[in-house]
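Trainee: I would like a close look at one part of this protein, the place where its two parts meet. Please take it slowly and keep to what the model shows.

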Amino acid sequence: MIPIPLGSTPAPPDLSFPIQVQGQAGVKFQNWAGTYGSSPELFFRPRSVEEIREILELARQRGKRVKVVGGGHSPSDIACSEDFMIHMGKINRILQVDKERLQVKVEAGILLSELNPELDKHGMALANLGAVSEVTAAGVIGTGTHNTGIGHGILPTQVVAVSLLLASGEILECSESVNPEVFQAARLHLGCLGIVTSVTFQCVPQFRLREVAFPSTLTQVLDELEEHLRRSQYFRFLWFPHSENVRIIYQDPTSKPPCSSSSWFWDYAIGYYLLEFLLWISSFIPSLVVWINRVFFRLLFNSRVENVARSHRIFSYECRFRQHVQDWAIPIEKTKEALLELKAALERNPGMVAHFPVEIRFSRRDEILLSPCFRRDCCYINVIMYRPYGKDIPRIRYWLAYEEIMRKHGGRPHWAKAHSCTRKDLEKMYPAFPKFCAIREKLDPTGIFLNAYLEKVFF
Ligand SMILES: Cc1cc2nc3c(=O)[nH]c(=O)nc-3n(C[C@H](O)[C@H](O)[C@H](O)COP(=O)(O)OP(=O)(O)OC[C@H]3O[C@@H](n4cnc5c(N)ncnc54)[C@H](O)[C@@H]3O)c2cc1C
């Protein structure tokens, strides 16, 4: 691997040999929620970096663009391509485990559901994880996946080195000490700087988490926000819109033995089936949503529940419902104002319905160029609208009201999730946006890694 300092002109790789790797025509791509999809002209499943290089060369010869898909979980068109699509499922090895420094270097296509048990074997763990684990190392960092905990950053803050296969076919290594400027871009890369071939994570010693969940009210939790943030390392809460109901969730490291007191109703999924059916009915009678939110809170979320398990088993849970989602980050001090405005907007507009839960999480500031937490501690407010039996329920008025409130309070959108921002908006929201654009233009001058989503972002 030859590290190339930004600004140098790399020698083109020798690709005078015939191209071996085969692409498949006729493959249709759909994201996990079934909300966005595309029909790539050719779909590739390379087994090595050499094969990816060949695909890039073929794309250059034919004037095609190239998009890598990870776990396909982004609820937007960020991973879509009508040209060449690369699936990294066969580039998923663990390359190096450094037990002394608690670091692990992995190939970019490894799923977190593959990585977590491997880390278990070495007595290591990631300090924080998102809600889903069928996602790849490069995919989660690429969109700035986050969880909660004001002492913790978004997932890319756990990355200490990235290897990028550039449009030129050369490998660029970056870390805090090697190509540090590119590193702060590559940790949240949007899939537009090059193909990530490996990621090195900083881990922590393996730990168990104790999760305690209990009911509260919106007024109470907002009045006592600082206290909650102090009291629990991974504090978050769920608000049930059209009501005052809130479920507080504390997660903290513990030495207690594993235990579970989840409700049988939830475990046996009756709740899920009933909820999906009722949500489908509500697509004909929207006012039913108010009732559904209140009844389901009483049935499933109104008691105290405690679980203890390995950290990754507590962080990640099975999400069964396909859904539309928005998740903007606002400065933490705006949390109360923004949520009360969202509540008031729903009260003012009885025809505008909001599914439960609205999930409120917190993240520490960082220096990553396109991070929603760039130089500020943040509160993420995640809103959803389910798609019962794949049916879309009208959400535009809710979405617009939400976005207006988020923008007013200095919000920055989550990159994986659908938003209406263009370059003009993003330049105002993200102070380091011009710096990221300059790096992107240098690394990918012909725009081989662009797609429709990224064109909206950059042009
Ligand atoms: C059920 C569910 C739960 C979720 N929970 C959370 C959560 O708790 N917190 C949160 O923040 N988000 C959450 N998300 C969003 C999710 O974490 C992000 O969308 C994440 O990016 C998905 O990873 P992926 O591997 O599926 O990436 P994909 O969606 O496949 O791709 C994401 C981006 O990364 C690029 N990419 C992937 N691999 C490479 C590579 N090797 N080189 C270059 N570019 C690459 C793609 O081109 C694309 O631009 C959730 C999504 C779902 C569906």
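Which residue forms a salt bridge with Asp-425, and how far apart are the closest N and O atoms?

Mentor: The partner is Arg-407, and the closest N and O atoms of Arg-407 and Asp-425 are 3.4 Å apart. Bear in mind that this is a predicted model. To place the pair, start with the domain assignment, which gives domain 1 as 94-205 + 423-458 and domain 2 as 208-413. Asp-425 falls in the 423-458 segment of domain 1, and Arg-407 falls in domain 2. The count of salt bridges between the two domains is two.

Now the interface as a whole. The C-alpha centres of domain 1 and domain 2 lie 26 Å apart. Domain 1 puts 39 residues into the contact, and domain 2 puts in 34. The size of an interface is often given as the accessible area lost when the parts come together. For domain 1 and domain 2 the buried area is about 3,200 Å², with 60% of it on carbon and sulfur atoms. Polar contacts are found there too: 16 residue pairs across the interface, both residues at pLDDT 80 or more.

On the domain 1 side, the elements that give two or more residues to the surface touching domain 2 are helix 2 (112-121), helix 4 (180-186), helix 13 (423-429) and helix 14 (433-443). Helix 14 supplies the largest share, four residues. By class, this side of domain 1 has 20 nonpolar, 14 polar and five charged residues.

Helix 13 (423-429) is the element that holds Asp-425. A further salt bridge joins the side chains of Glu-427 and Arg-423, at 2.8 Å from N to O. These two residues are four apart in helix 13, so about one helical turn separates them. Glu-427 has a relative accessible area of 36% and is therefore partly exposed. Arg-423 is also partly exposed, at 23%.

Next, a residue of domain 2. Ser-371 lies in the loop between strand 19 (358-363) and strand 20 (378-386). Ser-371 counts as buried because its relative accessible area is 0%. Its side chain reaches the backbone nitrogen of Cys-373 at 2.9 Å. Leaving aside neighbours within four places in sequence, Ser-371 is in contact with Ile-154, Leu-188, Asp-366, Arg-412 and Tyr-430. Of these contacts, Ile-154, Leu-188 and Tyr-430 belong to domain 1 by the assigned bounds, whereas Asp-366 and Arg-412 belong to domain 2.

The same loop region includes another charged pair. Glu-367 forms a salt bridge with Arg-375, the closest N and O atoms being 2.8 Å apart. Glu-367 has 39% relative accessibility, so it counts as partly exposed.

Strand 19 itself carries a salt bridge, between Glu-359 and Arg-236, with 2.7 Å between the closest N and O atoms. Arg-236 lies in strand 14 (residues 236-239), so this pair ties together parts that are 123 residues apart in sequence. Both Glu-359 and Arg-236 are buried.

Elsewhere, Arg-210, Lys-256 and Glu-306 are linked in a network of salt bridges. The overall count comes to 26 salt bridges, and the count between domain 1 and domain 2 is two.

Terms used. Residues numbered from 1 in each chain as written. Predicted model: local features only at pLDDT ≥ 70, side-chain atom pairs only at ≥ 80, totals over all residues. Heavy atoms only, no water. Domains from an automatic or database assignment. Contact = heavy atoms within 4.5 Å. Buried area = accessible area lost by both parts, 1.4 Å probe. Salt bridge = Lys/Arg side-chain N within 4 Å of Asp/Glu carboxyl O. Polar contact = N/O pair within 3.5 Å; in protein donor to acceptor, adjacent residues only side chain to side chain. Nonpolar A, V, L, I, M, F, W, Y, C, P; charged D, E, K, R; others polar. Buried < 20%, exposed > 50% of the residue type's maximum accessible area, 1.4 Å probe, protein only.
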